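Let's take a walk through this structure together, beginning with a pair of helices and then stepping back to the chain as a whole. Have the coordinates open as you read.

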Amino acid sequence: MDAETPEPGQVGVGVEAAEILECAEEEEEEEEKGERRVRVLDVPVSVSGDGSQPPGDPPAADYRVADGGFGWVVVFAVTWCNGSIFGIQNSFGILFLMLLRELEDQHDPSLRFKTAWVGSLSMGMIFFWSPVVSIFTDWLGCRKTAMCGAVLAFIGLLSSSFTKSLEIRYFTYGVLFGCGSSFAFQPSLVILGHYFRRHLGLANGVMTAGSSVFSITMPLLLKKIGDALGLARTLQILSAFFFIQIFLTFTYIPVIPLKTNSKKCSTCLHQYRRYLNLRVFRNVTYRVWAFGIATAVLGYFVPYVHLMNHVKKEFRETEKNWILLVCIGASSGAGRLIFGKIGDSIPGPKKIYLQVVAFWVMGFMSIMIPLCKIFEGLIVVCIFLGLCDGCFITVMAPIAFEMVEPQEASQAIGFLLGLMAIPMSAGPPIAGFINDSLGNYHLAFYLAGMPPIIGGFVLFCVPIIHRRMLKRQKKEESTTETMLLASENVLTGDMLPGNPNPEACV
């Protein structure tokens, strides 16, 4: 086939550049027609109107995202899952008081330290297993992974109701319930991408608002049924939420197929590298960001566990203390909606400044808790804590996409959550140990406020490092382009002596 001769004005444009321009034009046309490439479970899948796909893959049907329809049933299932998990986790302060009441006859001086581990292990397991859950989601799919998680969480809560031993509850409530929550939680976020494209933000907003309803009403529910029925019956009722979730996972029907490799993975090492991508840690900005987040969350879970007991000791208030958890849940839901919108308007890694401010305010509010002498002051503190919580969580995923390549964002989030597990789990037991030693929570809340402030200063450096790396990268790219241009001129004859017409050179 004869190649077309380039016109004089196109001499400086290579064949590869022309192909790139043509691809860009084709992508723009496809976007206008509502066609796109969808990335599901870390595997790119071609979704287009003409059914085109990468060469070597088996033929696929014409898949389109419905943007609604049955997807809203899935949104309900996802809302129930997220609301059940974090409604219970964020209300553990009430369960903590029930556990202390049940074990008060033991007269153990370190009882609060030991009891705090029950809730800390549960919350820590959610984050600790996140990298593993991402692998299982890639391997088994959303439905099977979420169903196994719901079953584990159901068994964990139900079995916790049949024992009064703290050691056994470390395993049943802390490990089983926490691990099950992790396996149920992550697939619930992935499945929404199968059903929504243009309305994905709306679907996430509905899910977030619905989950906040659980966080608002769960403290009141636990207070009522706990006082009337006791801890064992309360845990059995809570297990029913995950029994229902088992059946709701049947709605997690994947509509976008996974891309399958035509060649089998020859070794276990190949499979390991395929599912466990450690390349994100080569990124300096990601490492600093992850370290800052892990530092900041050391005191994150302390108010959720110990605030109820602090109010009981300082204010002799046991009838209205649940209102504080309601305030945290309600303001957290509002914060996710507000700061989600604000985050969309902030370009690039500058979104991290939202997390910086959130952690600073969160730290100062934790320090303010022992200084509040009236109950209404604690309500104001809890409102700010909830807003900061919503801000921190909402912008986490968008920042991850700014830190690493889009195809690595899923693993980056999973590793980040895994790094958060240990400090988040350690905070409440340390606060309980301080209370057992000093007889109050004053020093515990002061110290709990320090890690978010320190972590905020670490995060403040991330955009600065990112800008410097971009400048260095642009400088290197400019040098490379100059060298390539000089090399191209030599090949085309621009720099050959005695040849005034470069087009005449072959």
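Look for helix H12, residues 302–315, and helix H13, residues 322–344: their axes come within 9 Å and cross at roughly 145°. This model is a predicted one, and in it the crossing of H12 and H13 is right-handed. Which residues make the contact? From H12 come Tyr304, Leu307, Met308 and Val311, while H13 brings Trp322, Leu324, Leu325 and Ile328. If you sort the residues of this contact by character, you get eight nonpolar, no polar and no charged.

Now turn to helix H5, which spans residues 130–140. Its buried residues are Ser130, Pro131, Val133, Ser134, Thr137 and Asp138. Why do these residues lie on the same side of H5? Around the helix axis they cover an arc of only 160°, and therefore they share one side of H5. Follow the chain just past the end of H5 and you meet Gly141, which takes a positive phi of about 100°.

With those details in mind, let's zoom out. The secondary structure of the chain consists of 20 helices and two strands. The chain has 506 residues, and 47% of them count as buried. How does the chain connect to itself across its sequence? Taking the contacts between residues at least 6 apart in sequence, 82% join residues at least 24 apart. Finally, consider the outside: the accessible surface of the chain comes to about 25300 Å², and carbon and sulfur atoms account for 65% of that area.

Conventions:
Residues are numbered from 1 along each chain as its sequence is written. This is a predicted model: local features need pLDDT of at least 70, side-chain atom pairs count only at pLDDT 80 or more; totals for chains, interfaces and linings use all residues. Side-chain values use heavy atoms; hydrogens and water are left out. Buried means under 20% relative accessible area, exposed over 50%, partly exposed in between (1.4 Å probe, protein chains only). Helices (H or I, at least four residues) and strands (E, at least two) are DSSP runs, numbered from the N terminus. The arc is that of the directions from the helix axis to the C-beta atoms. Axes are lines fitted to C-alpha atoms, for helices over the stretch in contact, and angles run from 0 to 180 degrees between N-to-C directions. A crossing is left-handed if the near helix is turned anticlockwise from the far one by less than a right angle, and right-handed if clockwise. Contact means heavy atoms within 4.5 Å. Ala, Val, Leu, Ile, Met, Phe, Trp, Tyr, Cys and Pro count as nonpolar, Asp, Glu, Lys and Arg as charged, and the others, Gly among them, as polar. Accessible areas come from the Shrake-Rupley method with a 1.4 Å probe; for residues, only the protein chains shown count as cover.
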